Amino acid sequence: MTRVPSRARLVGLSLALLALLPACRKDRDVFGGSFIPEGERLQLKIVDVQEGISTSTELLAPEPIYQFGLAPLGQIRDEDFGLSTATVLTELYPQVPRMPAIAAGERVKATFVLNTPRAYQRGKLKLAIRLLDKPLVAKSKLEDYPGGRLLLETEIEPGPGKNAFALELDPALFDWTALVLDNREAFTSGKQWAELFKGIRIEATISDGGHGAMYELNLGQERNGIRLEWEHKGDDGELAPQQVLLTPLMHEFVQRACFFSSEAQGAKVVEASKLAPEAQQDQRLFYVSRANRAFGVVDFSEFAQTWQQQLPISISRAELQIPLDEAYMGTYSDTLVARLEARLRPDTAFLLLPDLVPSNNLFDGRINRAKGYYSLNITLFVQSLLTDKPKDKKLYIMPGGLIRGYERLILGNTLAGKPMRLRLSYTKL
């Protein structure tokens, strides 16, 4: 006969087993790190560094943009960056290469069509278009193309959002009817057309003594150029509307260039760039601008000297946080420059920092709007500073992304009210 334990005995046995469990448990400390002496354990440390990092502002001659899709057009002025101008040279070709239907006595109306996605500032500009008197070549220079016959001179003023202008060209300045009527075969041949109509120079300068405006000229997508229109009587005796658009849009071989010029004498960016190195280190601001070609120089020489004494260490992440200067956030906001680039200059040319090629992470130079600073990943650069000891220990900060011409920022360094800092994550080896 099988004996069944009583309920009381089962409960007692369970309680006894539970009481023995702590004796079977081993403390976690007896595993892993507990076998390594405390002084030899690797620990990730995160520190914010400001000491040993100084900044300055440098200016170089502006560089042209060739074969662009998007480029600026206009002129802007302020006391910080001076006067900046963007002038465009471009060839124009018939959008559809075909012989136009036109007969003697039919008059051609010409309209300059300018469509721009947006404009920076809303000052009045005097728009002038001149016919080029010689063919455009690759890597052309603005001074070689002053332009010949005037095709248009008028005042324009930007409005909010997209701007579209349709400006009628005075036939007294140029005989558009004769261009079409006497050169119909040239409309079918790119080579013949380039010899006939060599292109135009477009410039827009401040006309009201104000701060000016800078347009985004999208020749890669928008329908810009000179529209020719007339009515042609066909064989049936009926009048039919005819139209030809002279545009840079549809031809890959079109020569075009945008040139920046700057008159910044007396502007703050120029005064800052002229300071001696020791005086620059006492400044709490530095400047970046596309049109002026101003860029910030961040010097890590003293930082490298100090942190080389910490070797051997391994850098897990180095994030450079560059704040917008609080006094200028309303004037030069993050809407003007969505992303900053950090570059090296091993010789006369600038090279994009390897940490940023390619990168789509949160530290690729974009603005952190919630915290008010630009965040750049410079991990490889900092590790190289400490281990490779390069001769040049500087980063060159400039606007990144599409070239719109009006990009300009005043940034704070380690002396600013909201200081620039290097957030360093590292492990002592």
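These legends go with close-up views of a predicted model.

**View 1. The largest nonpolar core of the model has 101 residues.**
Good places to start looking are Phe-112, Trp-176, Phe-300, Ile-378 and Leu-422, the residues with the most contacts inside this core. Among the elements, strand S19, which runs over residues 313-323, gives the most to the core, with 5 residues. Two domains take part: domain 1 (45-61 + 264-428) and domain 2 (68-254) each supply at least three residues.

**View 2. Here we zoom in on Ile-378 and the residues around it.**
Which residues does Ile-378 touch, not counting those up to four places away in sequence? They are Phe-300, Ala-318, Leu-320, Leu-353, Asp-355, Leu-395 and Leu-422. Two of these partners, Phe-300 and Leu-422, are also listed with Ile-378 among the residues with the most contacts inside the largest core.

**View 3. Apart from the largest core lies another core, of 7 residues.**
To find this core, look for Leu-89, Leu-132, Tyr-145 and Phe-259, which are among its members.

**View 4. The largest pocket has a volume of about 470 Å³.**
The pocket is lined by 20 residues, and the closest to its centre are Glu-63, Arg-290, Arg-293, Met-398 and Ile-403. Three strands each give two or more residues to the lining: S18 (294-299), S20 (340-344) and S24 (394-399). What is the lining made of, by class? Counting through it, you would find 11 nonpolar, 4 polar and 5 charged residues.

**View 5. Thr-90 sits in strand S5, residues 82-90.**
Is Thr-90 buried or exposed? Thr-90 counts as buried because its relative accessible area is 2%, and the cut-off for buried is under 20%. Leaving aside neighbours within four places in sequence, Thr-90 is in contact with Leu-136, Gly-199, Ile-200, Leu-219, Pro-248, Val-254, Gln-255 and Arg-256.

**View 6. Arg-130 has its place in strand S9, residues 125-131.**
With a relative accessible area of 27%, Arg-130 is partly exposed, because that value falls between the 20% and 50% cut-offs. Not counting residues up to four places away in sequence, Arg-130 touches a run of partners from Pro-146 through Gly-147, Gly-148, Arg-149 and Leu-150 to Leu-151. Arg-130 also touches Gly-199, Ile-200 and Arg-201. Take a moment to find Pro-146: it is 16 residues from Arg-130 along the chain, and the C-alpha atoms of the two are separated by 8.4 Å. If Gly-199 and Ile-200 look familiar, that is a link to the previous view, where they are listed as contacts of Thr-90.

Definitions and conventions
Residues are numbered from 1 along each chain as its sequence is written. This is a predicted model: local features need pLDDT of at least 70, side-chain atom pairs count only at pLDDT 80 or more; totals for chains, interfaces and linings use all residues. Side-chain values use heavy atoms; hydrogens and water are left out. A nonpolar core is a set of buried Ala, Val, Leu, Ile, Met, Phe, Trp, Tyr and Cys residues joined through side-chain atoms within 4.5 Å. Buried means under 20% relative accessible area, exposed over 50%, partly exposed in between (1.4 Å probe, protein chains only). Helices (H or I, at least four residues) and strands (E, at least two) are DSSP runs, numbered from the N terminus. Domain bounds come from an automatic or database domain assignment. Contact means heavy atoms within 4.5 Å. On a 1 Å grid over the protein atoms alone, a cavity is a set of points where a 1.4 Å probe fits but cannot get out, and a pocket is an open set with protein on both sides within 12 Å along at least five of seven lines; lining residues have an atom within 4 Å of a point. Grid points are joined across faces, edges and corners, and a volume is the space filled by probe spheres set on the points. Ala, Val, Leu, Ile, Met, Phe, Trp, Tyr, Cys and Pro count as nonpolar, Asp, Glu, Lys and Arg as charged, and the others, Gly among them, as polar.
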